Amino acid sequence: MIFSCDVNAANNYFLKTQGKILEKEVNGFIFREYIGNGKNRNGWLFPKEYGNLSALSQEAITQLKIYLQSLLNIDFHPNFILLTEEQKETLSSCINENFPEYKISFESDEGDSDYIYSVEKMSALPGKDFQKKRNHVSRFLRTYGNNWKFVLVDGSPENESKLKDFQKIYLQWKENHNQENDDFLTSEEKSFNISIDWNTFVELNLIGGILFTNGKPGAFLLASFTGPECLNIHFEKCVDEVADNGGLAVLNQQFAKSVQERFPQCKYLNREEDLNIPGLRKSKLSYKPEFMIKKYFGEMKTK
């Protein structure tokens with residue numbers, strides 16, 4: 001099972017809507033071009049249909065060969081990006097077997113790796129590794145006592161009004177975080193605004209969690225499934241006062257507990273990449289990922 005955030009349907013939808021992913025269909029197979037910055041973010045993603053398969057079928061390999069040939073016929077050296085280890089090996093085999101005059105040398109960028117966490121550990125916060133997180137939870141409970149609650153939000157009709165709470169938290173968070181000239185945050189905001197349209201929320205099967213303190217919405221996260229065993233966290237925001245009092249630790253713990261109860265088949269949470277942002281990396285590492293998904297990129301060239 002592949003848990004990469006790059007095969008997540010909601011992520012693909014967000015990027016398509018912003019014009020950052022272009023799709024091309026070849027004999028029923030969809031190939032995707034990512035329009036971004038840098039060699040690791042500007043090129044061809046692995047075909048969408050194969051994201052959760054352990055190996056490509058013979059038919060799929062044939063279509064991949066046909067599509068590679070169509071790219072090479074226009075004297076273009078395709079650049080492939082955000083490939084998992086398995087996808088990299090499959091692509092290499094296809095090129096070696098069908099295009100012996102070409103080669104592809106792969107590189108990786110540490111900021112592209114996905115952080116994968118155990119739902120069970122995020123819920124229980126066990127042992128020495130999670131002592132600081134338990135301290136944050138204790139601080140939250142001392143600060144707010146019984147004046148807090150966590151609500152899981154799915155696509156049930158009675159939850160439509162709760163999308164306003166997501167928006168309130170985001171706007172309050174945005175007031176204290178400068179987004180000027182920050183491409184990542186600008187793109188994130190566009191995706192967030194897409195996600196809180198009710199019809200889109202339901203269509204993408206999004207699942208959210210809201211943490212209320214003193215009767216007010218103070219933190220949220222939004223996620224969707226990448227296969228039955230893994231939820232992909234798309235957005236996570238907390239207003240400063242709540243964050244300062246341990247709110248993020250409580251938000252993540254309560255969400256993990258709710259996932260255990262509501263979706264027992266789900267064992268992992270993908271909190272996506274850190275994009276080489278130091279603060280983001282520190283935060284993601286602090287939750288002790290179960291494992292990382294390394295990504296590769298490389299250009300197909302003549303030998």
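**Strand 8 and the nonpolar cores**

Strand 7 (residues 148-153) and strand 8 pair in the antiparallel sense, with six bridges between them. The model is predicted. Strand 8 spans residues 207-213, and seven of its seven residues are buried, so the rest of the structure largely encloses it.

**Strand 8 and its neighbours**

- On the strand 7 side, Leu-152 has Gly-209 of strand 8 as its bridge partner.
- Strand 8 also pairs with strand 9 (residues 216-225), again in the antiparallel sense, over seven bridges.
- Here Leu-211 has Ala-219 in strand 9 as its bridge partner.
- Strands 8 and 9 form a hairpin, with two residues between them.
- Asn-214 sits in the turn and has a positive phi of about 50°.

**Two covered faces**

- One side of strand 8 carries Ile-207, Gly-209, Leu-211 and Thr-213, all buried.
- The other side carries Gly-208, Ile-210 and Phe-212, and these are buried too.
- Both faces of the strand are therefore covered, in keeping with seven of seven residues being buried.

**The nonpolar cores**

- The largest nonpolar core has 52 residues.
- Phe-166, Phe-220 and Phe-255 have the most contacts inside this core.
- Helix 10 (residues 247-262) gives the largest share of the core, six residues.
- Another core, of 19 residues, lies apart from the largest one; Trp-44, Phe-46, Leu-71 and Leu-83 are among its members.

**Around Phe-220**

- Leaving out residues up to four places away in sequence, Phe-220 touches Gly-209 and Ile-210.
- Its other contacts include Phe-166, Ile-169, Tyr-170, Phe-192, Phe-235 and Leu-251.
- Phe-220 also touches Glu-236 and Lys-237.

Terms used: Residues numbered from 1 in each chain as written. Predicted model: local features only at pLDDT ≥ 70, side-chain atom pairs only at ≥ 80, totals over all residues. Heavy atoms only, no water. Core = buried A, V, L, I, M, F, W, Y, C linked by side-chain atoms within 4.5 Å. Buried < 20%, exposed > 50% of the residue type's maximum accessible area, 1.4 Å probe, protein only. Helix = DSSP H or I, 4+ residues; strand = E, 2+ residues; numbered from the N terminus. Contact = heavy atoms within 4.5 Å. Pairing = 2+ DSSP bridges.
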